[in-house]
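Hello,

Here is the structure I promised to pass on to you. Please have a look at it first, and then read my notes underneath.

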Amino acid sequence: QVQLVESGGGLVQPGGSLKLSCAASGSSFTIKAMAWYRQAPGKQRERVAKILGGGSTNYADSVKGRFTISRDNARDTVYLQMNSLTPEDTAVYYCAMSSTNFFTTDTTYWGQGTQVTVSS
């Protein structure tokens with residue numbers, strides 16, 4: 001049974017930083033793609049950043065230049081460094097890991113979500 005455990009969420013003031021972590025356990029497959037998604041109240045879940053096994057990354061336009069995704073393959077862990085946070089970044093953040101380079105229902109595992117609140 002694969003489990004993804006996230007940590008690092010919380011309350012931060014505008015302009016502040018947070019670093020999220022997500023570690024996989026019980027993995028019986030080769031993790032290829034890792035990603036972070038977020039869902040704000042009343043909005044659809046959106047992908048924030050994606051990283052492939054070779055290290056190539058992709059970001060949503062709204063976070064480019066502020067967020068950095070990275071991974072530690074030896075630990076099956078993905079990170080999201082978030083800088084210059086704004087209230088619009090407030091959401092529940094979910095990590096996802098896939099056995100392919102794509103995130104489809106049959107290939108993807110999800111974390112439980114961690115709340116990030118940006119407020120003064």
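Below is what I found, taken topic by topic.

First, a word of caution: this is a predicted model, so please read every value below as computed from it.

**The disulfide**

The structure holds 1 disulfide. It joins Cys-22 to Cys-95, with the two sulfur atoms 1.9 Å apart. The link ties together distant parts of the chain, since Cys-22 belongs to strand β3 (residues 18–25) and Cys-95 to strand β9 (residues 91–98), 73 residues apart. The angle about the S-S bond is 40°, and the link is right-handed. Both Cys-22 and Cys-95 are buried.

**The cores**

Where do the nonpolar residues gather? The largest nonpolar core has 30 residues, and Trp-36, Val-78, Leu-80, Met-82 and Tyr-93 are those with the most contacts inside it. Two or more residues come from each of β3, β4, β5, β7 (67–72), β8 (77–82), β9 and β11 (114–118). Another core lies apart from this one; it has 5 residues, among them Ala-33, Tyr-37, Ala-96 and Phe-103. As general background, nonpolar side chains tend to be buried together in soluble globular proteins.

Val-78 is a good residue to click on. Leaving aside neighbours within four places in sequence, Val-78 is in contact with both cysteines of the disulfide, Cys-22 and Cys-95. Its other contacts on that basis are Leu-20, Ser-21, Met-34, Trp-36, Ile-51, Ile-69, Ser-70, Arg-71 and Met-97.

Ser-70, one of those contacts of Val-78, lies in strand β7. Is Ser-70 buried, exposed or partly exposed? Its relative accessible area is 29%, so Ser-70 counts as partly exposed. With neighbours within four places in sequence again set aside, Ser-70 touches Ile-51, Thr-77, Val-78 and Tyr-79. Ser-70 and Thr-86 are 16 residues apart along the chain, and 21 Å separates their C-alpha atoms.

**Two hairpins**

β4 (33–39) and β5 (46–51) are worth tracing together. These strands run antiparallel and are joined by 5 bridges; Arg-38 has Glu-46 in β5 as its bridge partner. They form a hairpin with 6 residues between the strands, and in the turn Gly-42 has a positive phi of about 75°.

Lys-43 is found in the loop between β4 and β5. Its relative accessibility is 58%, so Lys-43 counts as exposed. Across the fold, Lys-43 and Ala-91 are 48 residues apart in sequence, with 9.5 Å between their C-alpha atoms.

β5 also pairs with strand β6 (residues 57–59), again in the antiparallel sense, over 3 bridges. Here the bridge partner of Lys-50 is Asn-58 in β6. This second hairpin has 5 residues between its strands, and Gly-55 in the turn has a positive phi of about 100°.

**The aromatic cluster**

How many aromatic pairs are there? The count comes to 2. In one of them, Tyr-37 and Phe-103 have ring centres 6.0 Å apart and planes at 80°, so the pair is edge-to-face. Tyr-37 in strand β4 and Phe-103 in the loop between β9 and β10 (108–110) are 66 residues apart. Both of these residues are buried.

The rings of Tyr-37 and Trp-110 also pair: their centres are 4.9 Å apart and their planes at 65°, so this pair is edge-to-face as well. Trp-110 is in strand β10, 73 residues from Tyr-37 in strand β4. What sets the two residues apart is exposure: Tyr-37 has 11% relative accessibility and so counts as buried, whereas Trp-110 has 37% and so counts as partly exposed. Tyr-37, Phe-103 and Trp-110 form one aromatic cluster.

Arg-45 is the residue to look at next. The charged end of Arg-45 sits over the ring of Trp-110, 4.8 Å from its centre. Arg-45 also lies over the face of Tyr-94, at 3.9 Å from that ring centre.

If you would like a starting point, I would open the view on Tyr-37, which appears both in the core of 5 residues and in the aromatic cluster.

Happy browsing, and all the best

Key:
Residues are numbered from 1 along each chain as its sequence is written. This is a predicted model: local features need pLDDT of at least 70, side-chain atom pairs count only at pLDDT 80 or more; totals for chains, interfaces and linings use all residues. Side-chain values use heavy atoms; hydrogens and water are left out. Helices (H or I, at least four residues) and strands (E, at least two) are DSSP runs, numbered from the N terminus. Buried means under 20% relative accessible area, exposed over 50%, partly exposed in between (1.4 Å probe, protein chains only). Two strands pair if DSSP finds at least two bridges between them. A disulfide is a pair of cysteine sulfur atoms within 2.5 Å. A nonpolar core is a set of buried Ala, Val, Leu, Ile, Met, Phe, Trp, Tyr and Cys residues joined through side-chain atoms within 4.5 Å. Contact means heavy atoms within 4.5 Å. Rings of Phe, Tyr and Trp (its six-membered ring) pair if their centres lie within 6.5 Å; planes under 30 degrees apart count as stacked, over 60 as edge-to-face and the rest as tilted. A charge sits over a ring if NZ of Lys or CZ of Arg is within 6 Å of the ring centre and within 35 degrees of the ring normal.
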